[in-house]
Amino acid sequence: MAKAPARSTAAPKKTASTPAPATNREGPRDPIPYDATPAELEKFYREMLLIRRFEEKAGQLYGLGLIGGFCHLYIGQEAVAVGLQSALDGDKDSVITGYRDHGHMLAYGIDPKVIMAELTGRAAGISRGKGGSMHMFSVEHKFYGGHGIVGAQVSLGTGLAFAHKYRDDGGVAMSYFGDGASNQGQVYESFNMAELWKLPIIFVIENNQYAMGTSVNRSSAEDQLYRRGESFRIPGMQVDGMDVLAVRGAAEAALEWVRAGKGPVLMELKTYRYRGHSMSDPAKYRSREEVQAVRDKSDALEHLKRVMEGAGIGEDKIKDIDKEIRAIVAESADFAESAPEPELHDLYTDVLVEQY
Amino acid sequence: MAIELKMPALSPTMEEGTLAKWLVKEGDTVKSGDILAEIETDKATMEFEAIDEGIVGQILVAEGTDNVKVGTVIATITGEGEEAAAPAPAAAPAKDVAPAQAGAVSANAPTPAVPASAGTTEKAAPTERASDPAIPAGTAMVRLTVREALRDAMAEEMRADDRVFVMGEEVAEYQGAYKVTQGLLDEFGARRVIDTPITEYGFAGLGAGAAMGGLKPIIEFMTFNFAMQAIDHIINSAAKTNYMSGGQMRCPIVFRGPNGAASRVGAQHSQNFAPWYASVPGLIVIAPYDAADAKGLMKAAIRSEDPVVFLENELLYGRGFDVPDLPDHVLPIGKARIMRAGSDVTIVSYSIGVGLALEAADQLAAEGIDAEVIDLRTLRPLDTATVLASLKKTNHLVIVEEGWPVCSIASELAMVAMEQGFDDLDAPVLRVCNEDVPLPYAANLEKAALIDAPRVVAAVKAVRNRG
């Protein structure tokens with residue numbers, strides 16, 4: 001059993017470890033890194049690269065004024081959404097997240113064109129231009145948003161898990177939130193009910209180490225966030241969120257536990273965002289060197305490329321994927337720029353479902 | 001092909017900025033993530049990063065330049081082996097387009113002349129509203145308390161639809177803090193009648209999530225005073241979801257519980273939240289008075305695909321009323337009820353205020369004033385058509401509300417009368433509301449703070465004398 005990682009690590013550790021639990025209660029098995037086939041490695045790479053290139057493009061479009069308001073990019077955290085969601089059953093499991101939601105949607109195979117068109121506020125957007133970056137949903141894909149209030153998705157996700165159990169449909173809810181949200185009161189209200197009623201939910205803390213400008217160490221009395229469920233008897237796992245195979249492996253261990261009816265699991269994914277909290281964040285709370293060190297040493301895509309090379313996937317193949325993804329992203333940006341804005345009468349539609 | 005670097009918008013409000021400093025020079029090789037320049041926005045000094053790899057071609061805006069418009073080409077980057085090319089003329093930045101469009105929106109916004117469209121265009125024209133279904137002749141009436149009527153409504157809907165469940169504090173084994181859920185646990189079991197911990201924010205969110213996931217939750221707040229801990233989910237999660245998702249994700253949920261002043265429980269447990277919720281687009285707000293309406297509207301609320309805030313009143317729970325003995329007594333949401341027809345003055349109220357209005361109407365009748373009493377029943381959407389039709393007949397309007405006067409349902413109705421019924425008014429609209437103070441505990445002070453029938457009588461006489 002690996003030791004708990006040192007406190008206040010700026011760069012995530014390269015270990016797929018679950019530190020020793022504080023109690024000897026039963027918990028999920030120790031995760032092992034996922035043994036991916038070359039085809040799966042390519043798929044992970046393709047999905048992660050799509051997220052990165054999509055977000056870079058979104059950043060550019062924001063800079064051009066084509067995207068407005070708040071826009072929170074997922075660059076750096078790609079391995080989390082791809083590793084976790086690749087382990088889910090898209091036909092029955094549900095996913096919910098906060099406002100940094102583009103990556104989770106792309107990882108669930110939602111068309112980049114309708115996501116980008118929502119970012120530019122067009123009628124063809126997934127929310128018909130009425131949601132924006134933070135408020136996107138795809139009930140068809142069992143992706144329930146896209147929520148702008150920090151921590152709300154944890155209670156809502158617990159409700160999704162309640163619905164799975166109520167219907168006995170075998171589904172698991174996955175509720176993502178950040179290190180910042182992990183200090184919200186409703187998170188603990190939800191932990192309590194989830195464990196009390198043994199709801200099928202995986203709580204995922206994406207610990208990118210900064211809640212806007214406040215580091216975990218400045219905001220959290222217990223900064224080992226995987227332990228935040230202990231007083232509710234929710235087992236915790238700490239995972240290297242920069243290693244997609246470690247993430248996928250941990251997801252499988254967590255899912256085995258939850259699908260066996262043993263109640264929730266809390267996963268802390270140690271990760272890092274390269275960009276500011278939102279597009280208007282000058283990011284003066286951390287040094288340039290800190291960000292560069294993570295990019296140089298821990299980048300999720302570079303790590304995966306090395307694994308792919310080890311698996312005999314040649315540079316040509318990787319370049320082909322790069323080209324393919326650039327084309328998809330360029331197409332989504334063109335679509336998002338050229339699609340028309342909503343009709344003015346849409347201002348009044350969908351306020352209520354029924355007529356009274 | 002050279003890549004044009006344009007002045008970025010680095011905040012939601014930025015239209016121009018200062019190019020404070022270049023950190024690269026022409027001919028430098030840059031890669032993704034390198035800082036190219038520092039730009040001062042209206043909020044902060046930001047670093048401008050390279051997205052693409054290449055060689056800095058031309059720097060077109062010198063450092064220290066102020067008021068550089070967003071979208072202006074400030075430099076070019078060329079890929080490997082490419083010549084630095086002169087930039088194409090800068091395309092009109094998209095920001096320039098936005099204000100014109102915003103202007104178009106406001107030009108098309110509803111004008112004061114047709115205020116009915118201001119926030120309520122989601123519903124059909126008022127004249128097309130459904131009326132209460134006719135009660136078949138010979139239907140027996142049963143005497144039920146409001147408490148029993150609410151319980152029966154929930155039980156009937158739970159029998160009809162397995163997606164419906166009840167959740168809240170003490171709703172199951174305790175049989176309800178106010179006994180509204182009495183007997184439900186016995187009939188439906190612990191899967192569908194669920195005691196929660198004392199955790200309003202959490203279970204309101206859980207309920208909203210379950211509704212998004214396809215169930216039809218009834219969330220009981222022991223009183224609506226405690227729902228303030230959960231109001232974020234009622235408004236931000238439940239009310240806005242359908243709109244924000246472009247009609248894709250619904251949240252069919254009923255939030256219910258007692259609202260308004262009870263008796264001698266002091267300021268923190270005695271407040272009418274009706275105006276708060278009624279101000280929110282995306283919510284249905286219902287506040288019935290008698291048992292028949294409580295039953296018929298609760299059933300409609302549970303069946304609705306929209307989120308409903310259902311405001312009950314503790315002091316009414318034990319009052320008995322006649323309820324039609326029908327297998328499925330469902331009433332239309334959004335339709336007021338004329339409780340007493342009259343010709344001299346319109347008294348509009350809802351919830352417990354209706355009883356006071358009826359009491360006042362009896363006294364007024366004895367003095368020769370024939371009052372029409374309207375129970376709004378639904379507060380959002382408001383049935384302004386019924387109120388305005390009555391005003392057209394009586395030319396006098398008094399609003400009775402057990403709640404504070406400021407920003408109240410009464411203030412809203414007075415405005416509706418101004419906008420749409422001005423020519424029918426023979427006198428200014430008056431309102432009878434609670435005193436504008438937190439509710440005190442002392443019996444005499446509490447009595448002084450709350451509305452009563454004599455105050456309604458006095459207000460009616462005042463508007464009659466003015467007319």
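So, chain A first: in this predicted model, the secondary structure of chain A adds up to 11 helices and 8 strands. How compact is chain A for its length? Its radius of gyration is 20 Å, and the globule rule gives 21 Å for 356 residues, so chain A is as compact as a globular protein of that length. If you like to think in box dimensions, the C-alpha trace spans about 60 × 60 × 40 Å along its principal axes.

Now, the inside and the outside. Of the 356 residues in chain A, 60% are buried. The accessible surface of this chain is about 12900 Å², and carbon and sulfur atoms account for 51% of that. As for contacts, take those between residues at least 6 apart in sequence: 75% of them join residues at least 24 apart. And the charges, for those of you who think about salt: chain A has 42 positive and 50 negative ones, and their mean positions sit 5 Å apart.

Let me move over to chain B and pick out one residue, Ala227(B). Where is it? You'll find Ala227(B) in the loop between β12, residues 216-220, and α6, residues 231-239. Is Ala227(B) buried or exposed? Its relative accessibility is 0%, so Ala227(B) counts as buried.

And who are its contacts? Leaving aside residues up to four places away in sequence, Ala227(B) touches Phe221(B), Ile234(B) and Tyr277(B). One more distance to look up on your screens: Ala204(B) is 23 residues away from Ala227(B) along the chain, and their C-alpha atoms are separated by 8.4 Å.

Terms used: Residues are numbered from 1 along each chain as its sequence is written. Chains are lettered from A and ligands numbered from 1 in the order in which they are written. This is a predicted model: local features need pLDDT of at least 70, side-chain atom pairs count only at pLDDT 80 or more; totals for chains, interfaces and linings use all residues. Side-chain values use heavy atoms; hydrogens and water are left out. Helices (H or I, at least four residues) and strands (E, at least two) are DSSP runs, numbered from the N terminus. The radius of gyration is taken over C-alpha atoms; the globule rule is 2.2 Å times the number of residues to the power 0.38. Buried means under 20% relative accessible area, exposed over 50%, partly exposed in between (1.4 Å probe, protein chains only). Contact means heavy atoms within 4.5 Å. Accessible areas come from the Shrake-Rupley method with a 1.4 Å probe; for residues, only the protein chains shown count as cover. Lys and Arg count as positive and Asp and Glu as negative; His and the chain ends are not counted. The place of a charge is taken as NZ of Lys, CZ of Arg, CG of Asp or CD of Glu.
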